[in-house]
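Visitor: I'd like to zoom in on one spot and then follow its contacts outward. Could you walk me through it in one go, with the cut-offs spelled out?

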Amino acid sequence: MAKKYSWPDRGTTALLGKPQDRIDGIAKATGAAKYTYDVNFDKMLIARVLGSPHAHCKIKSIDFSAAEKIPGVVKCMAMKEPGNEVRWQGDPIAAVAGESEGAVAEGLKAIKVEIEPLDVYVKDADLAAAEAAGRTGKVAKNVQLEREAGDDDDEDKFAEQEIERLLKESAVVVEAHYGIDVITHMCLEPHGATVQWEGDKLNAYLSTQNVSGTAGQFASPLGITTGDVTVICDFIGGGFGSKFQVDNFNVTAAKIAKEVGRPVKLMLDRDIELKTAGCRPSGYIDVRIGADKEGVVTVWDSQHWGTFGATAGGVDQGVIPYVFNPKNRRRRATPIITNASPSRAWRAPNHPQACAMSQTAYDDIAAKLGLNSYDVFLRNLASVSNEKQNVYQAEMEIAAKLIGWKDKWHPHGKGPKKGAVVSGLGMAIHTWGGGGQPSNTNITIHPDGAVEATLGSQDLGTGTRTAIAIITAETFGLPLAGVKVNIGSSKYPPSAASGGSVTIASVSESTRRAAQDALLKIFELASKKLESEPENLEAKDGRIQVKSDTKKSLSWKEACSLLGMMPLEVKGEFKRRDDQGLSSSQVGGVQMAEVEVDRDTGVVRMKKFVLVQDMGLVINPKCAQSQMYGAAIMGIAYALFEQRILDPTTGAFLNAEIADYKLPRLGDVGEIVVEIYQPDDEYNRGVVGLGEPPVISPGAAISNAVCNALGVRVPVLPLTPKRVLEALERARKA
């Protein structure tokens, strides 16, 4: 099928691929932008939820009698019934709606809940203890060997013998343990909604990264149709994978609003937000890895485990070892069920954990052989699973120059010292899909020249509005201000949820298609006036003109006036596997970290962090770089600071407040250098998503840098001072 759509040739664009300020930047910076939390109505009630104080129990009774007598309390509603099981602390039990925050708080305190305590298990790092407690799920395993078992061989026994033979024949073997703790979502704007009924129609101002896909999730439990629900989200204060669905507290708010006949705002407070609104699963691994004398890995044998919380699951075995795919490998994965909140997608699900659990082992191969880590990563590129070895090699060369790898690298633990402070370098590589998902855009061109692009997408922080405006304006030869972008309503043409870094690729496809089709119709009208064929016209600098004779032209407004009385509406539709060359998938990235570590205090300090990333054609480099900066900071946060701390006996979440859940400050992140890798072949393959890939490698890169500095592996992230000192003490005693 001939391709109907295309991007302008590189170097010919006025807006596309050039840094542009966000078109909603001023609104966000001044507070004019209204988030779900900012939506208020007359006679609106405030609602909050009561989370379970127990990590595992059975509800015997819920008594609202005292709460309902609190002045200002309007409605109490149960979210659990007697006999229901609570499986984590913070699981919502009931909601209270009232005239004020104070009344609601008093109402929540007055609710009496009688429970039957049940056994609690939260030790996700301890596989043996989980097995003894009966908290493990089905083990997943996968074996790949160069040699095949005979027809009469027991395959498990053959694999065991082959793995042992390969390890014995390896020039070097590393046998080690690595891990990465659970972290929680920490969206600046917590989960919640402001809901308002108009008769039997529900307007839900929902903090969501899935505008087009959530109306039905309200409708079903409320007994109405999807068409009766309008979900609105003009701006969102973070989602990161945790805001795809309508939660039970959102539906409860709608039920209360319906019963009392008043709008209701129910946003989670920070304590409940951290306890119940999503987290990233943990991952821990025991691994044996063999390599030749050049550091090329010949065999990988691992068992890893971790928890999704109260539901079975863990890091997928398919991503171990990460990016690298040695010819011989055996991997087993064991899920552990704990009394903790269920996980939700957290940026690039599975990948940050897999990277931290496996590329540390590759770095330890380099350390044991006394080789430069850069060389060992380079030599193993031949085994990458995504056929991007040439891209990785080019990105490694760029990253190495930016961080000064050649001058600064030293053998592990043998660098210069400044008192107790030692420094080191580390690196890691990553991969991600990022291909577009279904999206629809309506382009409307009014007879007065006004242009609107409308679709049911959302701006999760990617600069979605600005990207849509750039594409539309570039196509029509207009300034950025010449386009109005409408997103954030479920009544607009549906577009995919913002997850998996698909948003920019998705909206780029549907918007460019609609804009090119609409422009063709304008060309057809203008061609008669300009006495030229439509294919000989171009849109440039606010005019429709003949390519070969630009004096023959119409202003954009003159051309649009040819529409007559009615506007022109054109729909652009993108479905997966409808390849027109506008978008692509699969990206790679290389990151390098430089750290200083104080051997006396265990404190790790970031000095410099370099990110080199490909993403196909870049719509707006300024927003792309902003995403890379943000991802780097999130990565530094989970590498050095973030962890969910649960009491091992009660399962209580001990640091479920901003004051206790540690995040980096600006002074903690060091110098961050971002570099977009976009040679012509990247530009020509179209748009690929970017948001998540740069957040994958920081854990492994920083861990490897700390190991290079100390000469000692701190095996589990985050690399807190306590863990650094413990690792040094173990090394001293060994």
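Visitor: Let's start with a single residue: where is Thr720 found?

Guide: Thr720 is in the loop between strand 30 (716-717) and helix 18 (721-733); helices here are DSSP runs of H or I with at least four residues, strands are E runs of at least two, and both are numbered from the N terminus. Before going on: this is a predicted model, with local features needing pLDDT of at least 70 and side-chain atom pairs counting only at pLDDT 80 or more, while totals for chains, interfaces and linings use all residues. Residues are numbered from 1 along each chain as its sequence is written, and side-chain values use heavy atoms, with hydrogens and water left out.

Back to the loop. Thr720 has 15% relative accessibility, so it counts as buried (under 20% relative accessible area; exposed is over 50%, partly exposed in between, using a 1.4 Å probe and protein chains only). Ignoring residues up to four places away in sequence, Thr720 touches Gly602, Leu640 and Gln643, where contact means heavy atoms within 4.5 Å.

Follow Leu640 and you land in a helix pair. Helix 15 (residues 621-640) and helix 17 (residues 698-710) have axes that come within 8 Å and cross at roughly 55 degrees; the axes are lines fitted to C-alpha atoms, for helices over the stretch in contact, and angles run from 0 to 180 degrees between N-to-C directions. That makes the pair oblique, therefore neither roughly parallel nor roughly perpendicular (under 35 degrees is roughly parallel, over 145 roughly antiparallel, 65 to 115 roughly perpendicular, the rest oblique). Helix 15 passes helix 17 in a right-handed crossing, meaning the near helix is turned clockwise from the far one by less than a right angle, with anticlockwise being left-handed. On the helix 15 side, Gly635, Ile636, Tyr638, Ala639 and Leu640 meet Pro698, Gly699 and Ile702 of helix 17. By type, the residues in that contact come out as 6 nonpolar, 2 polar and no charged (nonpolar is Ala, Val, Leu, Ile, Met, Phe, Trp, Tyr, Cys and Pro; charged is Asp, Glu, Lys and Arg; the others, Gly among them, are polar).

Helix 17 also packs against helix 8 (residues 351-369), at an angle of about 35 degrees with the axes 9 Å apart. The crossing of helix 8 past helix 17 is right-handed. Here Cys355, Ala356, Gln359, Thr360, Asp363 and Asp364 from helix 8 face Ala700, Ser703, Asn704 and Cys707 from helix 17. The split for this contact is 4 nonpolar, 4 polar and 2 charged.

Now for another threonine, Thr503, which is in helix 13 (residues 503-530). With a relative accessibility of 6%, Thr503 counts as buried. Apart from neighbours within four places, Thr503 is in contact with Ser457, Gln458, Thr462, Thr464, Ala497 and Ser498. Thr464 belongs to helix 12 and is one of its residues that meet helix 13. The axes of helix 12 (residues 464-476) and helix 13 come within 9 Å and cross at roughly 25 degrees, so the two count as roughly parallel to each other. This crossing is right-handed. The residues of this contact divide into 9 nonpolar, 7 polar and 1 charged.

Two strand residues fill in another region. Leu45, in strand 1 (residues 45-51), is buried at 0% relative accessible area. Its C-alpha lies 8.2 Å from that of Val74, 29 residues along the chain. Thr194 sits in strand 10 (residues 192-198) and is buried too, at 0%. Val264 and Lys265 are in contact with both Leu45 and Thr194.

Finally, the whole chain: it has 18 helices and 30 strands. Its radius of gyration is 28 Å, close to the 27 Å that the globule rule gives for 734 residues, so it is as compact as a globular protein of that length (the radius is taken over C-alpha atoms, and the rule is 2.2 Å times the number of residues to the power 0.38). The C-alpha trace spans about 85 × 75 × 65 Å along its principal axes, and 59% of the 734 residues count as buried. Among contacts between residues at least 6 apart in sequence, 79% join residues at least 24 apart.
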